[in-house]
Structure formats: C-alpha cells, structure tokens
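Q: Got a minute to go through this structure with me? I'd like to start with one residue and work outwards.

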Amino acid sequence: MYYGTLAGLVESLMEAKTADNLARRLRVLTHPALLVIDEIGYLPVSQDGAMLFFQLVNARHERASTVLTSNKGFEEWGGVLGDEVMAAALIDRLLHHCHIVNIRGNSYRMRAHQDLLRAAGRDDEGPRGGAA
C-alpha cells in the first residue's frame, strides 16, 4: 500500500521527471495493490503535474486498486487539474469498475471545536449576547 496527498505525489513525479527517472517512479507507484491519494483539490496542480497524475492513473487502470479522496465534485476537477478534457479522460478511467462512497456531514475535527465553543459559552454563531 502507498498513501500520499495529490500535492506530494505530483511533487515526487515532477522530481522524478526532472531527474530523468519518471518511468521508474511510475513503475514503483503502479506496483502497490492499493494506492491512496488524499486531498485532491486542496492545492493547485500545474498542467505538467496534472499530466503526470493522469499517466499514473492510466498506468494503474485495471491493474491495481486506487482510492481517491476529495472535497470537490467531479464537475470541478477540470478546474483542479487545469484541463477539462484531461479531467474527463481521468474520471472516465477512475469510474470504470469503481465504487463511489459519498460522505456528507460535518468534519469530525469540527465536532471537537464546536464542543469547545459550547463549553466556553458560545455557539456556532459566535459569542452569546449582544453588544453593550
């Protein structure tokens, strides 16, 4: 298994390309039975980075399992990757033989924050009471 963020993954692919080791890096990342790529859409990806990500997904397509996490809908991936056509081709490969798990609700991290605000006498809207 391999786990990383999209930003970290793209950075490692860009470094491998610069060092003329891209084919080797793609083979390494194609090998794990499970690749988990987190935080798709949080940080911008260059067009070169998006193309490298596409190459990786294409190399893994129908060979190994890949899990992706994102707070962006597929309709926003063209903007995330900077290319609508490439995003459509990437999504096409990802959706072929896939299972989508759509999780809705508040962040588990925010629950602790809301508990702290309530304990301090505040609610989600801010301090209680009006201005003096």
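**Working through the model**

A: Leaving aside neighbours within four places in sequence, threonine 30 is in contact with Leu56, Ala59, Arg60 and Ala64. Bear in mind that this is a predicted model.

Q: Where does threonine 30 lie?

A: Threonine 30 lies in helix 2.

Q: Is threonine 30 buried or exposed?

A: Buried. Its relative accessible area is 17%, and the cut-off for buried is under 20%.

Q: Which residues in helix 2 are buried?

A: Leu22, Leu26, Leu29 and Thr30.

Q: Why do those buried residues line one face of the helix?

A: Look down the axis of helix 2. The buried residues fall within an arc of 100 degrees, so they line one face. As a general point, an α-helix has 3.6 residues a turn, so residues three or four places apart point the same way.

Q: Which residues are exposed on the other side of helix 2?

A: Two arginines, Arg24 and Arg27, are exposed there.

Q: And what covers the buried residues of helix 2?

A: The cover includes strand 1 (2-5), helix 1, strand 2 and helix 3.

Q: OK, on to the core. How many residues does the largest nonpolar core have?

A: It has 25 residues. Phe53 and Leu90 have the most contacts inside that core.

Q: Which elements give two or more residues to this core?

A: Five helices and a strand: helix 1 (6-18), helix 2 (22-30), strand 2 (34-40), helix 3 (47-60), helix 4 (77-81) and helix 5 (84-95).

Q: Which element gives the largest share of this core?

A: Helix 3, with six residues.

Q: Back to phenylalanine 53. What does it touch?

A: Don't count residues up to four places away in sequence. Then phenylalanine 53 touches Leu6, Leu9, Val10, Leu13, Ile37, Ile40, Leu68, Leu81 and Leu90.

Q: Pockets next. What volume does the largest pocket have?

A: About 1500 Å³.

Q: Which lining residues are the closest to its centre?

A: Val67, Leu68, Thr69, Ser70 and Val101, out of 37 residues that line the largest pocket.

Q: Which elements give two or more residues to that lining?

A: They are strand 2, helix 3, strand 3 (65-70), helix 5 and helix 6 (108-119). Strand 3 gives the most, with six residues.

Q: How do the residues of the lining divide into nonpolar, polar and charged?

A: The lining of the largest pocket has 14 nonpolar, 14 polar and nine charged residues.

Q: What about closed spaces? How many cavities of 30 Å³ or more does the count come to?

A: One. The largest cavity has a volume of about 40 Å³.

Q: Which residues line the largest cavity?

A: Thr5, Leu6, Ala7, Glu39, Gly41, Tyr42 and Leu43 line the largest cavity. They divide into four nonpolar, two polar and one charged.

Q: Glutamate 39 caught my eye. What is its phi?

A: Phi of glutamate 39 is near 65 degrees, a positive value in a residue other than glycine. In general, most residues other than glycine have a negative phi.

Q: Where is glutamate 39 found, and how accessible is it?

A: Glutamate 39 is in strand 2. At 35% relative accessibility, glutamate 39 counts as partly exposed.

Q: Now aspartate 20. What is its phi?

A: Aspartate 20 has a positive phi of about 60 degrees, although it is not a glycine.

Q: Where is aspartate 20 found?

A: In the loop between helix 1 and helix 2. Aspartate 20 is exposed, with a relative accessible area of 70%.

Q: Last topic, helix 5. Is valine 85 buried or exposed?

A: Exposed. Valine 85 has 66% relative accessibility, and the cut-off for exposed is over 50%. Its place is in helix 5.

Q: What separates the C-alpha atoms of valine 85 and histidine 61?

A: A distance of 18 Å, with the two residues 24 apart along the chain.

Q: And alanine 88, where is that found?

A: Alanine 88 is also in helix 5. It is partly exposed, with a relative accessible area of 46%.

Q: What separates the C-alpha atoms of alanine 88 and phenylalanine 74?

A: 8.6 Å, and alanine 88 and phenylalanine 74 are 14 residues apart along the chain.

Notes
Residues numbered from 1 in each chain as written. Predicted model: local features only at pLDDT ≥ 70, side-chain atom pairs only at ≥ 80, totals over all residues. Heavy atoms only, no water. Core = buried A, V, L, I, M, F, W, Y, C linked by side-chain atoms within 4.5 Å. Buried < 20%, exposed > 50% of the residue type's maximum accessible area, 1.4 Å probe, protein only. Helix = DSSP H or I, 4+ residues; strand = E, 2+ residues; numbered from the N terminus. Contact = heavy atoms within 4.5 Å. Arc of directions from axis to C-beta. 1 Å grid on protein atoms, 1.4 Å probe; cavity = no way out; pocket = protein on both sides within 12 Å on 5 of 7 lines; lining within 4 Å. Points joined across faces, edges and corners; volume = space filled by probe spheres on them. Nonpolar A, V, L, I, M, F, W, Y, C, P; charged D, E, K, R; others polar.
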